[in-house]
Amino acid sequence: MKLTKQGLNNLFFILGIAAVVIMLFTFDVSFVELWGHLKRAGYWLIPIIGIWVVIYGINAWAWYCIIQGNKSDDEHVSFLRVFKLTITGYALNYATPVGGLGGEPYRIVELTRNMSKEHATSSVILYAMMHIFAHFWLWFTSIFFYLGLVVIGDMPMNVPTATVLAIIAVFCSIAFYFFSKGYRNGLVVKLIRLIGKIPGLKNWSLRFQANHADTLQHIDHQIAALHAQEKKAFYSSLSLEYLSRIVQSLEIMFMLLLFGIDCGGGFSGLFLTFMHSILILSFTTLLANLIGFLPMQLGVQEGGFVISIATMGLSAALGIFVSIICRVREIIWIFIGIMLMKVGNND
């Protein structure tokens, strides 16, 4: 039996609620310890949670730029709807296995209420590519942020550090090459063929290519067209996605300030604290994305925060605090996103 769009919405909603319940019951911190961390955060929880309204707004704007450059003249999608689908999509991404993939099918299904299936699919794929692409730019530019801090004597430089920075630079450069090929030629057809190389999926891949050949080619054409013909939309989206990572660093900065870590205070001290926050976010997201198949990157994000904060010369206790507060923020926004699935579906 084929599910309707409303039926699929209900299915995603049930899966999201189940994921939130599982996360709450498997939270690897005692209630007493969790309450102690929340009390320590106090009123700082307001900007820590609230800054994500801005972050998701920037993400939605980035996706909206892609949609505007990818839709036909008779298709209309409001920014508020894109904003809602941004939050709900990320809620599913955080809550489901193979983190970063759970929300994409939901976004495609919901976006087909406003535009053709081909345009909805290509817009979602393009935005997912842009989201990942911006991550690589964050990691790549963080190398130069770190080197700048080395020059002013704020950060150390030794052989292990130089080796890690060089590996990251090579890793990002390889990624830039493959992304450029994907943006020039499209990648959906190649992705379906690649899936066919997985044992047991060859016949499915061949059938899918045969049944949807024209659609897949059309989607790849739209992916290539955005980069070749809609350069303003492409670079606006990339710039906004990168900006969202920089703004996200404020969340970590708020927690550093909560611990009294401000690098001496004043404008220069706050600037250094912000730069440290960017580097902490960059290293943590790099680890989390290297192992992205766990729901909410369970364990990986916590370890990433502890390691990255310790690398900056700060205490492991601070890393644990930051990871726990970020986990609480994620659960709150996952719940908000899941609830938003039942709002505005007639737009």
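Helices here are DSSP runs of H or I with at least four residues, strands are E runs of at least two, and both are numbered from the N terminus. This is a predicted model, and residues are numbered from 1 along each chain as its sequence is written. Local features need pLDDT of at least 70 and side-chain atom pairs count only at pLDDT 80 or more, while totals for chains, interfaces and linings use all residues, and side-chain values use heavy atoms with hydrogens and water left out.

**View 1. The whole chain, with 14 helices and 0 strands.**
Follow the sequence and you get the pattern α-α-α-α-α-α-α-α-α-α-α-α-α-α. Of the 347 residues, 50% count as buried (buried is under 20% relative accessible area, exposed over 50%, partly exposed in between, with a 1.4 Å probe and protein chains only). Take the contacts (heavy atoms within 4.5 Å) between residues at least 6 apart in sequence: 75% of them join residues at least 24 apart.

**View 2. Two of the spans that UniProt annotates as "transmembrane region".**
The unreviewed UniProt entry puts this annotation on residues 12-32, 44-66, 124-147, 159-179, 267-291 and 303-325. Its positions are given in the numbering used here, feature names are shortened, and annotations may be inferred rather than shown by experiment. Zoom in on residues 124-147 and you see 100% helix and 0% strand, with 35 Å between the end C-alpha atoms. Residues 159-179 also come out at 100% helix and 0% strand, and here the end C-alpha atoms are 30 Å apart.

**View 3. Helix α6 against helix α7.**
Two packed helices are described by the angle between their axes and the distance between the axes. The axes are lines fitted to C-alpha atoms, for helices over the stretch in contact, and angles run from 0 to 180 degrees between N-to-C directions. For α6 (residues 117-151) and α7 (residues 159-185), the angle is about 150° and the axes are 10 Å apart. That makes the pair roughly antiparallel (over 145 degrees; under 35 is roughly parallel, 65 to 115 roughly perpendicular and the rest oblique). The crossing of α6 past α7 is left-handed, meaning that the near helix is turned anticlockwise from the far one by less than a right angle (clockwise would be right-handed). Among the contact residues, look for Phe133, Phe136, Trp137 and Phe140 on α6, and Phe171, Cys172, Phe176 and Phe179 on α7. The full contact set holds 21 nonpolar residues, 3 polar and no charged. Here Ala, Val, Leu, Ile, Met, Phe, Trp, Tyr, Cys and Pro count as nonpolar, Asp, Glu, Lys and Arg as charged, and the others, Gly among them, as polar.

**View 4. Helix α6 meets helix α12.**
The axes of α6 and α12 (residues 266-290) are 9 Å apart, at an angle of about 140°. The two helices are therefore oblique to each other, and α6 passes α12 in a left-handed crossing. On the α6 side you'll find His135, Leu138, Trp139, Ser142, Phe145, Tyr146 and Leu149, and their partners on α12 include Met275, His276, Ser282, Thr285 and Asn289. This contact breaks down into 11 nonpolar, 6 polar and no charged residues.

**View 5. Helix α5, a mostly covered stretch that packs on α6.**
In α5 (residues 103-111), 8 of 9 residues are buried: Gly103, Glu104, Tyr106, Arg107, Ile108, Val109, Glu110 and Leu111. The α5 and α6 axes come within 9 Å and cross at roughly 145°, and this crossing is right-handed. Glu104, Arg107, Ile108 and Leu111 of α5 touch Ala120, Thr121, Ser123, Val124, Tyr127 and Ala128 of α6. By type, the contact residues are 6 nonpolar, 2 polar and 2 charged.

**View 6. Thr88 in helix α4.**
Thr88 sits in α4 (residues 79-95) and is buried, at 0% relative accessibility. Skip its neighbours within four places in sequence, and its contacts are Tyr106, Gly337, Leu340 and Met341. Tyr106 is one of the buried residues of α5 from the previous view.

**View 7. Arg329 and Ile334 in helix α14.**
Arg329 is buried, with 4% relative accessibility. Beyond its neighbours within four places in sequence, Arg329 is in contact with Ile48, Ile49, Trp52, Tyr94 and Glu251. Its C-alpha is 8.5 Å from that of Leu45, though 284 residues separate the two in sequence. Ile334, also in α14 (residues 316-340), is buried at 0% relative accessible area. Ile334 and Leu92 are 242 residues apart in sequence, yet their C-alpha atoms are 7.3 Å apart.
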